[in-house]
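Please open the structure in a viewer and keep the selection panel at hand. The tour below proceeds from one selection to the next.

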Amino acid sequence: MLKLFDIDKLEVGMFVESIAKQVDSMKIKSRGRITSQKVIDQLKKQGIKQVVVDLSKRLESDKPEPEVLKPKKDKSISFDAEINTAAKIYETGKRVQKDMFEQVAKNLTIDLSVPSEFTTSLVSSIHRNPDALMCMSKIREKDSYLLEHSLNVAILLANFSHQLGLEDHQVQELALSGFLHDIGKINIPDKILHKPGRLTDEEMVIMRKHVQFGTDVLLDMEIPSSIIRTIGEHHERLDGLGYPEQRKGAEISTFGRMIAIADTYDAITATRCYKAGMPSKKALQILLKDSPVKYDKELVLQFVKSVGIYPVGTLVKLDNEKLAMVMQQHQVESNKPKIKVFYSVKGSHYLAPLDVDLAAPTCRLNIVEAVTASDYKIDFNKYFKESIAIT
Ligand SMILES: [Fe+2]
């Protein structure tokens, strides 16, 4: 049941569906629960006068939720201006990740300042223009899953929490949690870790130990307990069928729910030696299908928004039999992003990259579907680095 409320009548726990009246046109995230008086004060400060509240959505008091309803921060610089920095950050991230794995393997204690400083630079890039690092996370190497996965989860979480409007220290904390979340995998034997295909029950028991191994390593690093909790929960599921502690529902923190979503999304979209990565849209459909049973539905919906139907870096097939890469999402019409056309399917050859705005009134092209590079047996990563973005 929807009801109009003056901002002075708004209470903590109410679920706001939309902004009804505000003094200026600043873009405010319009849906979400009022989690504290601070949120109400911020809305007042932002000139909100009236909101539409959904009275049927009672507050589930045992369920922690992130604060939403904050203004979406604008991109301070363009994609083109950020992409080279993002590419360097991405390479640094893989190097830091590799060094950490080697240190853990040798039983050395990791100096926390190294991953902390790295995730600070990652978060700064997301603040300047999230599309650049999100794009880099799509240009992945087939054999670098172990190094790239944690880096990608850090990027996804920084982007997710940034789009949710969380405080800067929370964005930083989530990015660091993502970056460190699978550190325990270094203690899993290679034949299990890199096994092409399904693990046996016994192998799965060993594989699942990576969570405990990881949190043990982090305890030695004297890392904040909230980060250890988030990492310890990245394989827990709301139905209690996750691991290692089979936590259920409200026992799993908001950040634990968020990392589970980002971790699953990256695992599904990754290309491994034994499987091609699924397109983003398919991964988002799987997450939606498994919520609210396994994943927090409201958070999954917010995650879908943060990634978009055709995330920057997605390969798409056009109705003129050409392939293109999504370069910039359209704010309103998500199926009409700016793209770079680079490959002819009919002729099986690369083309000189051509920028096209699908939303331009004169443009007659349309996206048919999202595809993966392996569908067309093209080495897109190499082509991307050499010809499209990295100069
Ligand atoms: Fe994991």
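Helix axes are lines fitted to C-alpha atoms over the stretch in contact, and the angle between two of them runs from 0 to 180 degrees between N-to-C directions. The model shown is predicted.

**Two packed helices.** Select helix α11 (residues 254-269) together with helix α12 (residues 280-289): their axes are 9 Å apart, and the helices pack at an angle of about 135°. Angles of 65 to 115 degrees count as roughly perpendicular and those over 145 as roughly antiparallel; α11 and α12 are therefore oblique to each other. The crossing in which α11 passes α12 is right-handed. To display the contact, show Ile261, Thr264, Tyr265, Ile268 and Thr269 on α11, and Ser280, Ala283, Ile286 and Leu287 on α12.

**The nonpolar cores.** Keep Ile261 selected and add Leu122, Leu133, Leu157, Ala158 and Ala175; these are the residues with the most contacts inside the largest nonpolar core, which has 74 residues. Helix α5 (residues 145-164) supplies the largest share of this core, 9 residues. Domain 2 (79-307) and domain 3 (315-388) each contribute at least three residues to this core. Which residues does Leu133 touch, not counting those up to four places away in sequence? They are Ala86, Ile89, Tyr90, Leu122, Ser125, Ile126 and Ile155. Next, select Val16, Ile19, Ile34 and Val53, which are among the 11 residues of a second, separate core.

**Two cis peptide bonds.** Most peptide bonds are trans. Go to the loop between α10 (225-232) and α11, where Pro244 lies; the bond from Tyr243 to Pro244 is cis, with omega near 10°. Then move to the loop between α12 and α13 (297-307), the place of Pro292. The peptide bond from Ser291 to Pro292 is also cis, with omega near 10°.

**Two positive phi values.** Most residues other than glycine have a negative phi. Select Ser348, in the loop between β7 (338-344) and β8 (349-357): its phi is positive, near 50°. Ser348 counts as exposed because it has 10 C-beta neighbours inside 10 Å. Continue to Lys377, in the loop between β9 (367-371) and α14 (380-388). Phi of Lys377 is likewise positive, near 50°, and the residue is exposed, with 7 other C-beta atoms within 10 Å.

**A pair distant in sequence.** Finally, select Pro196, in the loop between α7 (190-193) and α8 (201-207), and Arg272. The two residues are 76 positions apart in sequence, and their C-alpha atoms are 8.4 Å apart in space. Pro196 counts as exposed, with 8 C-beta neighbours inside 10 Å.

Terms used
Residues are numbered from 1 along each chain as its sequence is written. This is a predicted model: local features need pLDDT of at least 70, side-chain atom pairs count only at pLDDT 80 or more; totals for chains, interfaces and linings use all residues. A nonpolar core is a set of buried Ala, Val, Leu, Ile, Met, Phe, Trp, Tyr and Cys residues joined through C-beta atoms within 7 Å. A residue is buried if 20 or more other C-beta atoms lie within 10 Å of its own, exposed if 12 or fewer, and partly exposed in between; C-beta atoms are placed from the backbone. Helices (H or I, at least four residues) and strands (E, at least two) are DSSP runs, numbered from the N terminus. Domain bounds come from an automatic or database domain assignment. Two residues are in contact if their C-beta atoms, placed from the backbone, lie within 7 Å. Angles under 35 degrees count as roughly parallel, over 145 as roughly antiparallel, 65 to 115 as roughly perpendicular and the rest as oblique. A crossing is left-handed if the near helix is turned anticlockwise from the far one by less than a right angle, and right-handed if clockwise.
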